[in-house]
Amino acid sequence: MGPAKTVRTISQEAFDEVVRENMEDLGMDPTEALQDAIDTLTLQGVDLSGIVTCVPGEGGVRDNPVIQCLDRLKQVDSTISATSKDRIADSNLDELVELLDKLSQLCSLDGSGNSAIATKNGGVELLCSLCSKIPMKSELVLASALKSLASAIHDVQSTEIFRKSGGPAIVIGILKDGSQTVEILNCGFAIVAAAATGNEVLKELFMELKVDELILDALNRQNQDSIQSVYDAIRVLLTPDDNRVVASQVFGYARRFGKIGVAVALVDSLRLGLASPSLVSASIALKAVAVNDEICKSIAENGGIDAVLRCIDDSGDQGNEIVAKSCCSLLSKLAGSDTNKSAIVEKAGLDRLIRLSARFSDDPSVLQEVMSIIAVISLRSPDNAARAMEAGAGDLAIQAMQNFPAAQQMQRSACIMIRNLAVRNQENRTIMLNNGIEKIIRNAKENHQSCKDAASDALRDLGLNNYNS
């Protein structure tokens with residue numbers, strides 16, 4: 001790992017002292033003293049996350065609802081023995097559910113800073129302790145504790161506290177023991193996703209604890225629609241999002257996922273189509289697993305391309321832009337395999353994509369995804385490029401680039417697609433040039449810095465000598 005960025009922090013006691021000095025030494029009223037302390041410390045680059053910003057005195061910090069929840073939870077936790085789980089008082093369990101649900105709600109409020117307050121005041125360590133002590137038979141309480149822990153984990157500091165508190169082993173142990181309980185699975189995998197986000201060490205720890213096998217078990221044995229968080233866990237575990245490491249290991253993890261059958265299980269999730277509320281999450285997760293030719297081909301062999309194309313058709317029929325984009329993005333990844341390119345073409349994939357583009361002709365973000373797939377399918381394949389032109393890819397490029405001149409990424413995707421359609425196919429070049437594509441590409445090159453290279457390449461492969469001008 002690279003060196004951690006130094007952040008200036010302050011304790012609650014030190015913050016309270018600054019406010020107190022403003023009142024006692026400078027004669028400010030309480031409201032003014034508090035705001036001055038916040039403004040001054042912020043200007044000095046001090047991170048105030050986790051600080052309860054209130055006037056010190058009677059009540060003060062202890063009146064904060066997060067602190068109140070934590071104080072009472074600490075009292076309950078101190079009365080529970082880790083070696084006598086089955087003898088937790090029923091009254092304690094009832095109160096725990098109420099306290100944990102309240103804490104979860106508080107930490108889930110966007111912009112409240114409550115998760116940071118919980119972390120700074122021992123919330124993550126406390127919740128790990130409680131999760132390790134609550135018996136499996138008390139499913140409602142355990143689910144509340146897991147949900148609360150997931151909501152408290154929100155940044156690298158909280159994930160590191162989770163790691164040092166033995167959190168990974170605790171959560172994996174619960175997932176193993178509670179693998180038949182949908183709510184426990186949901187909350188447990190939500191913690192995996194939250195803790196592994198931006199933390200390469202925790203990704204590795206979870207993989208060492210064989211979380212991939214638990215994920216496969218959850219996909220195979222449960223109604224996937226009920227376990228949204230399992231897809232989030234897959235996506236996070238396979239995303240290289242920790243900028244403190246030089247080289248991530250997620251590619252190897254994806255190969256493990258593919259080898260044990262996670263990719264095939266995810267294809268089953270796609271077969272539910274738009275009837276599944278988890279369709280988008282499942283397609284994103286499958287895209288994360290599809291990291292090499294072998295996995296992409298196994299997905300196709302198990303009906304993955306058929307399932308994705310069916311979802312693309314349905315997304316067009318129902319006007320579902322989000323599903324259209326996520327499934328197109330997945331199909332583009334699968335088309336990286338030459339075998340899969342042929343399969344997509346044979347299944348009338350190009351015609352279906354052009355039909356989708358007609359349905360979303362007013363949405364450049366969908367058109368961009370469609371053109372990205374056609375570019376991949378046409379790469380190094382003059383036959384596929386010819387089929388794409390027959391389906392209407394050339395007309396799509398011209399119409400989209402003319403209709404959305406300000407859509408930079410879409411313009412770039414169009415240039416890349418044009419290049420792949422033209423580079424090995426003289427007939428396609430002639431058709432597109434006769435239809436005025438040169439002027440359109442030059443406009444994109446002139447208007448968008450991000451298009452310059454792609455536009456130059458397209459002009460060059462259309463056979464134009466002055467492609468750099």
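**Figure 1. Histidine 448, in the loop between H27 and H28.** Let's start with a single residue of this predicted model. Histidine 448 sits in the loop that links H27 to H28. Is this histidine buried or exposed? Histidine 448 counts as buried, because its relative accessibility is 8%, and the cut-off for buried is under 20%. Now look for the residues around it. Setting aside neighbours within four places in sequence, histidine 448 is in contact with Pro405, Ala406, Gln408 and Gln411. Alanine 407 is another residue to find here: histidine 448 and alanine 407 are 41 residues apart in sequence, and their C-alpha atoms are 9.2 Å apart in space.

**Figure 2. Helix H28 and the helices that cover its buried residues.** Follow the chain onward from the loop and you come to H28, which spans residues 452–461. Which residues of H28 are buried? They are Ala454, Ala455, Ser456, Ala458, Leu459 and Asp461. Their cover includes helix H25 (408–422), helix H26 (426–434) and helix H27 (437–447). Just after H28 comes glycine 463, with a positive phi of about 90 degrees.

**Figure 3. Serine 378 in helix H22.** Helix H22 runs over residues 364–378, and serine 378 lies in it. With a relative accessibility of 1%, serine 378 counts as buried. What lies 2.8 Å from a polar atom of the side chain of serine 378? It is the backbone oxygen of isoleucine 374. A handy rule helps when you look along a helix: an α-helix has 3.6 residues a turn, so residues three or four places apart point the same way. Beyond four places in sequence, serine 378 touches Asn384, Ala385, Ala388, Asn420 and Leu421.

**Figure 4. Serine 104 in helix H4.** Here is another serine to explore, placed in helix H4 (residues 90–107). Serine 104 is buried, as its relative accessible area of 4% shows. Which residues is serine 104 in contact with, leaving aside neighbours within four places in sequence? The answer is Lys147, Ser148 and Ser151.

**Figure 5. Lysine 210 and helix H12.** Lysine 210 is found in the loop between H11 and H12. Its phi is positive, about 65 degrees, although lysine 210 is not a glycine. At 46% relative accessibility, lysine 210 counts as partly exposed. Step into helix H12 (residues 211–221) and you will find the buried residues Val211, Asp212, Leu214, Ile215, Leu216, Ala218 and Leu219. What covers the buried residues of H12? The cover includes helix H9 (167–177), helix H10 (182–196) and helix H11 (200–208). It also includes helix H13 (228–237), helix H14 (250–260) and helix H15 (262–270).

**Figure 6. Alanine 348, in the loop between H20 and H21.** Where is alanine 348? Its place is in the loop between helix H20 (338–346) and helix H21 (349–359). Alanine 348 has a positive phi of about 60 degrees, although it is not a glycine. This alanine is partly exposed, with a relative accessible area of 31%.

**Figure 7. Cysteines 128 and 296, in no disulfide.** A disulfide is a covalent bond between the sulfur atoms of two cysteines. How many disulfides does a search of the whole structure find? The search finds 0. For cysteine 128, the nearest cysteine sulfur belongs to cysteine 131 and is 6.6 Å away. Since a disulfide needs two cysteine sulfur atoms within 2.5 Å, cysteine 128 is in no disulfide. Cysteine 128 counts as buried, at 2% relative accessibility. Cysteine 296 is in no disulfide, and the nearest cysteine sulfur, that of cysteine 327, is 15 Å away. At 4% relative accessibility, cysteine 296 counts as buried.

**Figure 8. The protein chain as the setting for these views.** Zoom out and you can place each close-up within a chain of 28 helices and 2 strands. The C-alpha atoms fill a box of roughly 80 × 60 × 40 Å, taken along the principal axes. What percentage of the 469 residues counts as buried? The figure is 53%. Among contacts between residues at least 6 apart in sequence, 72% join residues at least 24 apart. The accessible surface of the protein chain comes to about 21,000 Å², and 47% of this surface belongs to carbon and sulfur atoms. Finally, the chain has 46 positive and 62 negative charges, whose mean positions are 8 Å apart.

Technical notes. Residues numbered from 1 in each chain as written. Predicted model: local features only at pLDDT ≥ 70, side-chain atom pairs only at ≥ 80, totals over all residues. Heavy atoms only, no water. Buried < 20%, exposed > 50% of the residue type's maximum accessible area, 1.4 Å probe, protein only. Helix = DSSP H or I, 4+ residues; strand = E, 2+ residues; numbered from the N terminus. Polar contact = N/O pair within 3.5 Å; in protein donor to acceptor, adjacent residues only side chain to side chain. Contact = heavy atoms within 4.5 Å. Areas by Shrake-Rupley, 256 points an atom, 1.4 Å probe, with all protein chains shown as cover. Lys, Arg positive; Asp, Glu negative; His and termini not counted. Charge placed at Lys NZ, Arg CZ, Asp CG, Glu CD.
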